[in-house]
Amino acid sequence: RPIVADRALGQALTNLLDNAVEAGATTIRLAAAMEGTTLVLTVEDDGSGFPAEVLASLGRPYNTSKDRRGAGLGLFLATNVLRTLGGTLQARNRSGGGAETILRLPLASLALAA
């Protein structure tokens with residue numbers, strides 16, 4: 001079934017990729033998979049990972065370890081985009097270093113009307 005390219009979802013992914021670059025990642029992996037009727041997008045990187053305080057307050061605005069104006073909105077906006085589309089965002093540090101962010105959303109939220 002065809003799906004629509006959601007601009008907000010695209011921006012959420014861009015924010016996550018930017019975060020990985022800013023965390024010093026030299027390798028970033030974006031994977032897409034289907035789990036039943038759920039689209040699963042995973043961003044993995046080998047950067048410095050998430051500070052504990054960022055993970056503890058995931059989805060809150062201005063939740064950042066960066067020292068610049070406007071920082072800390074990427075994960076907040078991504079979380080809200082997923083929530084609006086009926087999905088979820090999870091983030092964690094990988095055991096071997098780096099970070100992993102998993103976006104899950106019902107494919108129906110992106111499906112074109114028949």
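Which side chain meets that of arginine 104 in a salt bridge? The partner is glutamate 35, with N and O 2.7 Å apart. The legends below begin with the whole chain and then come back to this pair. Please keep in mind that the model is predicted.

**Figure 1. The whole protein, with three helices and four strands.** Welcome to the overview. Starting at the N terminus, the elements follow one another in the order α-β-β-α-α-β-β. The protein has 114 residues, and 38% of them count as buried. Its accessible surface comes to about 6700 Å², and carbon and sulfur atoms hold 53% of that area. Among contacts with a separation of 6 or more, 55% are between residues 24 or more positions apart. The structure also holds three salt bridges, and the next views visit them in turn.

**Figure 2. Arginine 104 and glutamate 35, joined by a salt bridge.** Here is the pair from the opening question. Arginine 104 belongs to strand 4 (residues 99-106) and glutamate 35 to strand 1, so their salt bridge ties together parts that are 69 residues apart in sequence. Are these two side chains buried, exposed or something in between? Arginine 104 counts as partly exposed, at 26% relative accessibility. Glutamate 35 is partly exposed too, with a relative accessible area of 48%.

**Figure 3. Arginine 29 and glutamate 44, a salt bridge between strand 1 and strand 2.** In this view the closest N and O atoms of the two residues are 3.1 Å apart. Arginine 29 sits in strand 1 (residues 28-35) and glutamate 44 in strand 2 (residues 38-45), so the pair ties together parts that are 15 residues apart in sequence. The two partners can be compared by their surroundings. Arginine 29 is partly exposed, with a relative accessible area of 44%, whereas glutamate 44 is buried at 17%.

**Figure 4. Isoleucine 28 and the residues it touches.** Isoleucine 28 is found in strand 1, and a relative accessible area of 33% makes it partly exposed. Which residues does isoleucine 28 touch, leaving aside those up to four places away in sequence? They are Leu17, Ala20, Val21, Val43, Glu44 and Asp45. Glutamate 44, already met in Figure 3, can be located here as well: its C-alpha is 5.7 Å from that of isoleucine 28, although the two residues are 16 apart in sequence.

**Figure 5. Strand 3 and strand 4, an antiparallel pair.** How many bridges join strand 3 to strand 4? There are six, and strand 3 covers residues 88-93. For a landmark, look for alanine 91, which stands opposite threonine 101 in strand 4. A rule about strands helps with reading this view. In a regular strand, side chains alternate between the two faces of the sheet.

**Figure 6. The hairpin of strand 3 and strand 4, with five residues between the strands.** Look for glycine 97 in this close-up. Glycine 97 takes a positive phi near 105° in the hairpin.

**Figure 7. Arginine 92 and glutamate 100, linked by a salt bridge.** The closest N and O atoms of this pair are 2.7 Å apart. Arginine 92 is partly exposed, with a relative accessible area of 40%. Glutamate 100 counts as buried, at 9% relative accessibility. This view completes the tour of the three salt bridges in the structure.

Technical notes:
Residues are numbered from 1 along each chain as its sequence is written. This is a predicted model: local features need pLDDT of at least 70, side-chain atom pairs count only at pLDDT 80 or more; totals for chains, interfaces and linings use all residues. Side-chain values use heavy atoms; hydrogens and water are left out. Helices (H or I, at least four residues) and strands (E, at least two) are DSSP runs, numbered from the N terminus. Buried means under 20% relative accessible area, exposed over 50%, partly exposed in between (1.4 Å probe, protein chains only). Contact means heavy atoms within 4.5 Å. Accessible areas come from the Shrake-Rupley method with a 1.4 Å probe; for residues, only the protein chains shown count as cover. A salt bridge is a side-chain nitrogen of Lys or Arg within 4 Å of a carboxyl oxygen of Asp or Glu. Two strands pair if DSSP finds at least two bridges between them.
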